[in-house]
Amino acid sequence: MLADDGPRWPEVEHLLLVRSTLPRLAPGGVVSHVLAAVLHGLPVWNATMARVQVTRDARTGGRISSRTHLHVSPLHAEDVENVDGVLVTSKARSIVDVALTLPFEQAVVVADGALADPLVGPALVAAMERAAGRTGIERARRVVAFADGRSGSAGESRSRVAIMRAGLPMPVLQWDVYSAGGLWIGCVDFGWRALRTVGEFDGRIKYGRLLKPGQDPGDVVFAEKVREDELRDPGAVRWIWSDLRNFTPVADRHRRSYQRCQA
C-alpha cells in the first residue's frame, strides 16, 4: 500500500506498469526494490516509482532508461517469489534492497511493514548475510536494527524515527495500559512506562479501522474520547501526519509531560 499524506496511486496502476514493461526486458529480470514492496502490499512513503526497478542475477550490465532501472546483483532462489504471476524479490530481499538505496526514514517504513509477517525475520537475517559487501550495507544494517514489525502503520514508523531524532527515550510499541485498579484501558501506539506517558499517532484511517459492526464513526470518536480521558493519568501526547514534518513541538510536549508526571 502507498502510505503518505498526499495523492495515492492505486496498486493496480503499478501492476499494469510492471506488466507493460516486463516484455521489453531481457529474460532473467525480477521486479525489485520499492516496486517489489508495493506488489507485496507493503507500506511505502515518499519513494519515487517513475521507473520499474528490476534486478538481474549478474555482475555487470546495470542501466537506467526512461521506463526502467536495471540493477545487477546476485539473486538466490530464496530471494525470488511469484506475486500475481510476476516474479518479484521476496519481502526479506526487498527490505535489503530498499535499505541499501533509500534514505533511512523511507526504508524503515518498508522494513517495519514487512516484519509484521513473522516469517520475514529469519529470512531477513539470511538475506542480510548474503548482502555483505554490497554498497550501503552499513546503512542497511542500521535500518534493519531499528525496524520493528509491531509498528502499526507508516505514520507510526515515521513517528519512531522522529522520536529517535528528537533525542527522546525510545518507547514500547503497542503498549497495554491498565487503570490503577488493574482494568485494561486500551492499547496505545507508544508507551514510556517509567515516565508514565503514552503517545499516539492519529492517522486519517485510524477511526475507520476501529469500527465494529453496528458502529458509526461518531461512536468510535466518542469511545476514543472516553479512552483518552482515562489515559490522562499518565500523560498522553497525540500527533498527526502534519506534525511529522516538524516534530519539535511534539517533542516539547513530550518533555513537558515527562516533567509533569515525575513532579
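Q: Are Phe201 and Trp241 buried or exposed?
A: Let's start with two aromatic residues of this predicted model. Buried here means under 20% relative accessible area. Both Phe201 and Trp241 come out as buried.

Q: Why is the pair of Phe201 and Trp241 edge-to-face?
A: The structure holds four aromatic pairs, and Phe201 with Trp241 is one of them. Their ring centres lie 5.3 Å apart. Planes over 60 degrees apart count as edge-to-face. The planes of these two rings stand at 90°, so the pair is edge-to-face.

Q: How many residues apart are Phe201 and Trp241 in the chain?
A: Phe201 sits in strand β9 (residues 197-201). Trp241 belongs to the loop between β10 (235-239) and α10 (248-262). The pair therefore links distant parts of the chain, with a separation of 40 residues.

Q: Which element gives the most to the largest nonpolar core?
A: That core has 42 residues, and Val34, Val88 and Leu124 are among those with the most contacts inside it. Elements giving two or more residues to this core include α2 (33-39), β6 (86-89) and α4 (104-115). With seven residues, the top contributor is α4.

Q: How many residues are in the other core, the one with Trp241?
A: This core lies apart from the largest one. Its members include Val109, Ala154, Trp241 and Tyr258. The count is 19 residues.

Q: Over which residues, with 18 contacts beyond four places in sequence, does pLDDT stay under 50?
A: The protein averages a pLDDT of 82, and 76% of the residues score at least 70. Residues 4-10 are below 50, with 11 contacts beyond near neighbours in sequence. The stretch with 18 such contacts is residues 204-212.

How values were computed
Residues numbered from 1 in each chain as written. Predicted model: local features only at pLDDT ≥ 70, side-chain atom pairs only at ≥ 80, totals over all residues. Heavy atoms only, no water. Core = buried A, V, L, I, M, F, W, Y, C linked by side-chain atoms within 4.5 Å. Buried < 20%, exposed > 50% of the residue type's maximum accessible area, 1.4 Å probe, protein only. Helix = DSSP H or I, 4+ residues; strand = E, 2+ residues; numbered from the N terminus. pLDDT = per-residue confidence, 0-100. Contact = heavy atoms within 4.5 Å. Phe/Tyr/Trp six-rings, centres within 6.5 Å; stacked < 30°, edge-to-face > 60°.
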